[in-house]
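Here is a short walk through one chain and the ligand it holds. Keep the structure in view and follow the strands as they come up.

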Amino acid sequence: MATPLPTPGVGPGAGEACASCALAPDAARLARLGLDPGRYSYVVALAGNPNTGKSTVFNALTGLRQHVGNWAGKTVARAEGGFSYGGVGYRIVDLPGTYSLLSTSADEDVARDVLLFGRPDVTVVVVDATRLERNLPLVLQVRQITGRVVVALNLVDEARRHGITVDVRHLTRELGVPVVATAARRGEGLSDLLAAIEQVATADDPPAPLRLTHHDPELERAVSALAQQVAARFPSLPNTRWVALRLLEGDPGIEAAVRDGTLGDLAAPTTDTAAEAAG
Ligand SMILES: Nc1nc2c(ncn2[C@@H]2O[C@H](COP(=O)(O)OP(=O)(O)OP(=O)(O)O)[C@@H](O)[C@H]2O)c(=O)[nH]1
Ligand SMILES: [Mg+2]
């Protein structure tokens, strides 16, 4: 059963443990650390379609005040903050909304680059429970690059209002990763979300990425050969197979990044740049 966390701005502030949260025993393990996580063990990326509640989750966990509002495209650059849970530090990155890792806009490139090349320890995909079919393609794309995924099935309060129920167990089984029902604006389910993040971050043996196999052996050979060349040119770059597929498709942005070498810069781990917390 989802348990509520207090909403940001109510109760304990940034940096304080939420020890008084009687309704949410697990919330006592959370300390919102604002901009500065100090020493942290794990990086969590918040991904999802526009307007699904990513920044609302970010604010609830960090105590920051990223811009939220009821229209798509509010978050245009990544913002970073921190929290600790169970005494372990987490850096969390709020990303612009994106429908696909095959992005077409600068905002979406920001999200794509962090998800594909920033090596987050956990990717939380925040999905809109009232528009699941529109949100699942991104979940599947992320599942193809990593097994360290948690799906936050957000806006379940809206879904309830519209008489929509989602079979969370079934979805969890199909995706092979935890799916947690949340209503982030009222703090519902955030304790369960934190527990799932901890579980995925600390898992020794995460599920393998979903592999879409190409049944055409010639194509498979071409993808593998090209991926090897990309890996040789950019040795620290993860997801070279994804890059190879984009090159074969003729993705102009990726082609340019390979040509001028900037693709290699993306392989740097998620940086220590300060969060841009909108006022
Ligand atoms: N009813 C309801 N509203 C929510 C919930 N979570 C977020 N919202 C609202 O949904 C709207 C969008 O929230 P944001 O957190 O800005 O969404 P976002 O995913 O960061 O949006 P972009 O940055 O534009 O991609 C805001 O009006 C939130 O208050 C929820 O669980 N239930
Ligand atoms: Mg946002």
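Start with strand E2, which spans residues 42-47. This is a predicted model, and in it E2 is mostly covered: 6 of its 6 residues are buried. Look at the two faces of the strand. Tyr42, Val44 and Leu46 point one way from E2. Val43, Ala45 and Ala47 point the other way. Residues on both faces are buried.

Which strands lie alongside E2? One is strand E4, residues 88-94, which pairs with E2 in the parallel sense. That pairing runs over 5 bridges. Within it, Val43 has Arg91 of E4 as its bridge partner. Another is strand E5, residues 122-128, joined to E2 by 4 bridges. E2 and E5 also run parallel. Here Leu46 of E2 is bridged to Val124 of E5.

Now move from E2 to E4, and from E4 to strand E3. E3 and E4 pair in the antiparallel sense, over 7 bridges. Arg91 appears again: in E4, Arg91 is the bridge partner of Gly82. E3 and E4 form a hairpin, with 2 residues between them. Gly86 sits in the turn and has a positive phi of about 60°.

How many residues of E3 are buried? The count is 7 of 7, so E3 is largely enclosed by the rest of the structure. Its side chains also split between two directions. Ala79, Gly81, Phe83 and Tyr85 point one way from E3. Glu80, Gly82 and Ser84 point the other way. Every one of these residues is buried, Glu80 included.

E3 has a further partner in strand E1, residues 30-32. The two strands run antiparallel and are joined by 3 bridges. Ala31 finds its bridge partner in Ser84 of E3.

Ser84 deserves a closer look. This residue belongs to E3, which covers residues 79-85. Is Ser84 buried or exposed? Ser84 is buried, because 20 other C-beta atoms lie within 10 Å, and a residue needs 20 or more to count as buried. Setting aside neighbours within four places in sequence, Ser84 is in contact with Ala31, Leu33, Gly89 and Tyr90. Take Leu33 from that list. Leu33 and Ser84 are 51 residues apart along the chain, yet their C-alpha atoms are separated by 7.0 Å.

Contacts between residues far apart in sequence also show up across the chain. Among contacts with a separation of 6 or more, 64% join residues 24 or more positions apart. The chain has 279 residues, and 44% of them count as buried. It contains 10 helices and 7 strands.

Last comes ligand 1. There are 24 residues around it, and Gly53, Ser55, Val68, Thr75 and Gly97 come nearest. Two elements give two or more residues to this shell: helix H1 (54-62) and helix H4 (156-161). Which of the elements supplies the largest share? H1 does, with 3 residues. By class, the shell around ligand 1 has 12 polar, 7 nonpolar and 5 charged residues.

To retrace the route, begin at E2, with E4 and E5 as parallel partners. Cross from E4 to E3 through the hairpin. Go on from E3 to E1, where the strands run antiparallel. Then finish at ligand 1, with residues of H1 and H4 in the shell around it.

Methods. Residues are numbered from 1 along each chain as its sequence is written. Chains are lettered from A and ligands numbered from 1 in the order in which they are written. This is a predicted model: local features need pLDDT of at least 70, side-chain atom pairs count only at pLDDT 80 or more; totals for chains, interfaces and linings use all residues. A residue is buried if 20 or more other C-beta atoms lie within 10 Å of its own, exposed if 12 or fewer, and partly exposed in between; C-beta atoms are placed from the backbone. Two residues are in contact if their C-beta atoms, placed from the backbone, lie within 7 Å. A residue is near a molecule or strand if its C-beta atom, placed from the backbone, lies within 6 Å of it. Ala, Val, Leu, Ile, Met, Phe, Trp, Tyr, Cys and Pro count as nonpolar, Asp, Glu, Lys and Arg as charged, and the others, Gly among them, as polar. Two strands pair if DSSP finds at least two bridges between them.
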